[in-house]
Amino acid sequence: MKVQQKDITIIPPDPKYDSHIRIEHKTLNVAAYCRVSTRFEQQENSYDAQIAYYTRKIGMNKSWNCAGIYADEGKAATGTKFRDSFNDMIEDCYAGKIDLILTKSISRFARNTVDCLRIIRELKERQIRILFEKENIDTMDNTGELLITILSSQAQEESRNLSENTRWGIIRKFEQGIVQVNHKKFMGYTKNEDEKLIIIPEEAAVVKRIFDLYLQGLGTYKIARVLESEGIRTTTGKEKWHHETIYKMLQCEKYMGDAILQKTYTIDFLTKKKVMNNGYVKKYYVRNSHEAIITKEQFYLVQEEMKRRSCASERSTRKRYSSAYPLSGLIICGKCSGTYNRVSWQNKSGKSFVWRCRERLKAGTVQCKQSATIRESEMMKLLSKLFNTIIKTDPADSTVYLIKTKAVLIVNLGDKGEFNDDDLTKQLLNKVIERIVVKDEKTVIVHFKTGLIMEKTLS
C-alpha cells in the first residue's frame, strides 16, 4: 500500500506574541502607568515628568499604538481600591484594549505583594505583559516572577517602614497636644494660618441651636427636620440633615474646647482599615485645646440626657426616643416594665388624654393584665404640687437641693414664685426625673436623678 506523503504547513505565531521579535518592533497597543503617593511639589514634578516621558516614548515608536497614559496622583500603592486610573487600566486589559504596560518600577505599580503577583498572573494568562523599566523585568519571562516576588516584598516592607515612621510623627504631635482635624467637614470651625482651630460665628450659631434643641426635649430626627425647615444647610452645603450627623455632633467634645486624640486606630497598614480605639493604643485628652462653642456644663448635660434616653429606649424596646410630649418616655408600667403611650379619649365631656401601657395597647391583656390607666391632667397636677413642695423644702437636704436648683434654673418662675402645669416642659422633666412608675390607678412612684424616690397619690 502506497503511503501518502505528509504535507506540513507552518503557521507562524502572531507577531505580537513571537518571542523572537523584539518588543519595540512588534505592533502593540501600549499603555503606561504612572503614580506618585503624595502631593508634595517635588513629587508633582515627578508625576508630570512620568506622564511626559511615557507619552514621548510610546509616540516615538511607529510600531506602538498608544492605548492611554493611566496616572494616579496622591494615592498609596498598598491597595488598589482607591486607585481609579489603575483599576480603569486593568479593566481595559481584560477588555482586550492593551497588549503591553510600561511602568517605572514595581513600587510604582504595587507595594502589596499579594496584589502585585495576582494582577501580574491574571494579565499573563491573557498574554498581556508588563515591563518594569528600573528593574529591567518582563513579566512574560519565566525567570521574572521570582525577582518580582522578592522586589514587591521589599516594596511592601518599605511601605510598612514608612507607615511606622509617619505614625511615630503623629504620636509625637499627639503628645504635644496638637489637634489634627479635617476642618472642611467640621461644623463651627475652620483653621487659621497657624493651623489652629478658630470659630466660624454663623456655623457656631447652628451648633448652639442643636444643643439647645436637644436639651429642650427634641430628638435627633426632629432636630434635623427643624434645621431643614429653617433652611439651614450642613457644613458641606447640603439641604438634608441626617440624624446620625446630629447625634455625632452632640457627642463631640471639641465643641466644649477639649479634644480626644487617637479615637481610631489603623490595624493594617496595607488595607488602611481603621477601628475604634477601645484600648488598642493610648488616647490623649487635651483640655482647653481651642476656643469652645458651648460650655462644658451644657455638654455634660447633653451627655447625661443621651444616657437617660438610651436607658428609656432599652426599657420600652422602642427603636428610638420619643420627644413628642413632656411625659414621653418617663412613665413606666409597674406590672410589665413597659413604657406608657399617650392616648386620646372622646366622651360626653369632650376630648381628653390618658397614658396607657404600650404592651397592653398592642396585645391587650395577653401581655399586661393589670396595668392602670393614668389621666394626663391628674399626673401634671401631681407633678406641679411635687415641684412646689421641693422648692419650699429646707436646702439642707442635698438630694432635694439639687433638684430645686436645677428646676429653678430651667424654669423662670418670675413673680408667681411657684410651678404650674405649663412650667412642666420636656426639658425640665428630662433633667430632673429618671422615671415615674405606675403602681396602681391612684399611686405612682417618682424616681429623681439625684436618687430621691417619692411615692405619691393621684387626686
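The following exchange discusses helix packing, nonpolar cores, salt bridges and backbone angles in a predicted model.

Trainee: At roughly what angle do the axes of helix α6 and helix α8 cross?

Mentor: Helix α6 spans residues 201–215 and helix α8 spans residues 243–251. Their axes come within 10 Å of each other. Angles of 65 to 115 degrees count as roughly perpendicular, so α6 is roughly perpendicular to α8. The crossing angle is roughly 90°.

Trainee: Which residues of α8 make the contact with α6, and how many residues of each class does the contact have?

Mentor: On the α6 side, the contact is made by Val-207, Ile-210, Phe-211 and Tyr-214. On the α8 side, it is made by Ile-246, Met-249 and Leu-250. By class, the contact has no polar and no charged residues, and its nonpolar residues number seven.

Trainee: How far apart are the axes of α7 and α8, and which term describes their packing?

Mentor: The axes of α7 and α8 are 8 Å apart, and the helices pack at an angle of about 110°. The range for roughly perpendicular runs from 65 to 115 degrees, and therefore α7 against α8 is described as roughly perpendicular.

Trainee: Which residues of α8 meet α7, and how many polar residues does this contact have?

Mentor: From α7, the contact draws on Thr-220, Tyr-221, Ile-223, Ala-224 and Leu-227. From α8, it draws on His-243, Ile-246, Tyr-247 and Leu-250. The contact has seven nonpolar residues and no charged residues, and its polar residues number two.

Trainee: Which element gives the largest share of the largest nonpolar core?

Mentor: The largest nonpolar core has 35 residues, and those that touch the most other members are Ile-210, Phe-211, Ile-223, Trp-241, Ile-246, Leu-250 and Tyr-255. Elements giving two or more residues to this core are α6, α7 (220–229), α8, β8 (259–261), β11 (284–286) and α9 (296–316). The largest share, eight residues, comes from α6.

Trainee: Which residues does Ile-210 touch, not counting residues up to four places away in sequence?

Mentor: Ile-210 is one of the α6 residues in the contact with α8. It is also among the residues of the largest nonpolar core that touch the most other members. Outside the excluded neighbours, Ile-210 touches Ile-223, Leu-227, Trp-241, Ile-246, Met-249 and Leu-250.

Trainee: At what N to O distance do the side chains of Glu-230 and Arg-209 meet in a salt bridge?

Mentor: This pair links distant parts of the chain, 21 residues apart, with Glu-230 in the loop between α7 and α8 and Arg-209 in helix α6. Glu-230 is partly exposed at a relative accessible area of 41%, and Arg-209 is also partly exposed, at 31%. The side chains meet at an N to O distance of 2.5 Å.

Trainee: Does Glu-305, which forms a salt bridge with Lys-449, count as buried or exposed?

Mentor: The closest N and O atoms of Glu-305 and Lys-449 are 3.6 Å apart. Glu-305 lies in helix α9, and Lys-449 lies 144 residues apart from it in the loop between β17 (443–448) and β18 (453–457). Lys-449 is partly exposed, with a relative accessible area of 24%. Because buried means under 20% relative accessible area, Glu-305 at 4% counts as buried.

Trainee: With which residue does Asp-92 form a salt bridge?

Mentor: Asp-92 has a relative accessibility of 18% and counts as buried. In this salt bridge the closest N and O atoms are 3.9 Å apart, and the partner of Asp-92 is Lys-97.

Trainee: Where is Asn-388 found, and which residues does Asn-388 touch, not counting residues up to four places away in sequence?

Mentor: Asn-388 is found in helix α11, residues 376–391. With a relative accessible area of 12%, Asn-388 is buried. Beyond its sequence neighbours up to four places away, Asn-388 touches Glu-418 and Phe-419.

Trainee: What is the positive phi of Asn-288, and what is that of Ser-337?

Mentor: Asn-288 lies in the loop between β11 and α9 and counts as exposed at 59% relative accessibility. Ser-337 is found in the loop between β12 (331–333) and β13 (340–347) and is partly exposed, with a relative accessible area of 44%. Neither residue is a glycine; phi is about 55° for Asn-288 and about 70° for Ser-337.

Notes:
Residues numbered from 1 in each chain as written. Predicted model: local features only at pLDDT ≥ 70, side-chain atom pairs only at ≥ 80, totals over all residues. Heavy atoms only, no water. Axes fitted to C-alpha atoms, helices over the stretch in contact; angles between N-to-C directions. Parallel < 35°, antiparallel > 145°, perpendicular 65-115°, else oblique. Contact = heavy atoms within 4.5 Å. Nonpolar A, V, L, I, M, F, W, Y, C, P; charged D, E, K, R; others polar. Core = buried A, V, L, I, M, F, W, Y, C linked by side-chain atoms within 4.5 Å. Buried < 20%, exposed > 50% of the residue type's maximum accessible area, 1.4 Å probe, protein only. Salt bridge = Lys/Arg side-chain N within 4 Å of Asp/Glu carboxyl O.
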